[in-house]
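User: I've got a model open and want to check some of the labels on it. Can you walk me through the reasoning?

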Amino acid sequence: TVNAFTMTSSTLTWKSTATFNVLNTLTLQNGALLTHADNSTSHIYEVDIYAAANATIQSGAWIKANGLGLDAGQGQGTGVGAGGGAGYGGDGGASAGGGNGGQDYGNYINPTSLGSGGATDGAAGGTGGGAVIINVPSGILTLSGLITADGNSGVNGGANGGGGGSGGTVNIVASTFTGLGTLQANGGSGGNGSTNGGGGGAGGR
């Protein structure tokens with residue numbers, strides 16, 4: 001817990017699921033990068049911010065959780081068949097070889113889950129996206145920068161490609177939300193292969 005927090009031209013990696021409480025104003029200025037540690041096989045890390053006043057993510061600032069969710073073959077939505085894309089916000093795509101994608105899961109109203117990893121098919125599946133949760137219940141959240149939790153693409157293989165990881169969570173609660181920045185939790189593309197390409201990962205929530 002801090003009274004106020006301002007960050008510029010630096011990187012902070014959050015290594016906890018504990019909420020970062022800011023009693024006044026949170027400001028991420030140009031060049032600031034806020035991220036969390038890689039989760040790998042279980043949900044250990046996320047960015048979880050509570051700002052009692054206002055929060056501002058300026059142009060050039062980035063809260064980034066791309067590829068920080070669960071590894072290939074891990075998670076509730078991992079691809080079911082060889083090379084299948086991972087599910088989360090929707091079902092993952094099937095591979096060209098017929099490997100089914102994973103199913104959707106999680107809470108669509110108040111999501112908190114990590115993205116799942118795509119299925120391996122010789123080449124590894126992509127890692128899922130991480131989780132970014134921001135709560136500004138009484139103030140203004142101004143987003144001019146980036147908040148992303150994309151899944152990684154499956155690895156390209158000689159014969160078969162791995163399935164894409166699913167996007168993770170971007171969960172925003174604010175009394176007022178404004179700005180022209182970017183919110184994104186895209187799924188990763190399936191990897192390429194000379195025989196079968198992997199399925200794409202679903203978007204997150």
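User: Which residue is the bridge partner of Y50 in β9?

Analyst: In this predicted model, Y50 has N135 as its bridge partner in β9.

User: What makes strand β6 and strand β9 a pair?

Analyst: Two strands pair if there are at least two bridges between them. Strand β6 (residues 47-51) and strand β9 (residues 131-143) have four bridges, in the parallel sense, so they count as paired.

User: And how do you know that strand β7 pairs with β9?

Analyst: Three bridges join strand β7 (residues 55-57) to β9, and the two run parallel. The cut-off is at least two, so that's a pair too. One bridge partner to look at is T142 in β9, across from T56.

User: How many bridges link β9 and strand β11?

Analyst: Nine, again in the parallel sense, with strand β11 covering residues 169-178. For a spot to click on, L141 stands opposite F177 in β11.

User: Over to H36, which sits in strand β5 (residues 33-36). Why is H36 called buried?

Analyst: Buried means under 20% relative accessible area. H36 comes in at 2%, so it counts as buried.

User: What makes the link between H36 and A131 a polar contact?

Analyst: The H36 side chain reaches the backbone nitrogen of A131 at 3.2 Å. The limit for a pair of N or O atoms is 3.5 Å, so this one qualifies.

User: Which residues is H36 in contact with, leaving aside its neighbours within four places in sequence?

Analyst: Among them are T13, W14, Y45, E46, V47, K64, L68 and G130, along with A131.

Conventions. Residues are numbered from 1 along each chain as its sequence is written. This is a predicted model: local features need pLDDT of at least 70, side-chain atom pairs count only at pLDDT 80 or more; totals for chains, interfaces and linings use all residues. Side-chain values use heavy atoms; hydrogens and water are left out. Buried means under 20% relative accessible area, exposed over 50%, partly exposed in between (1.4 Å probe, protein chains only). A polar contact is a pair of N or O atoms within 3.5 Å; within protein, one must be able to donate a hydrogen and the other to accept it, and residues adjacent in sequence count only if both atoms are side-chain atoms. Contact means heavy atoms within 4.5 Å.
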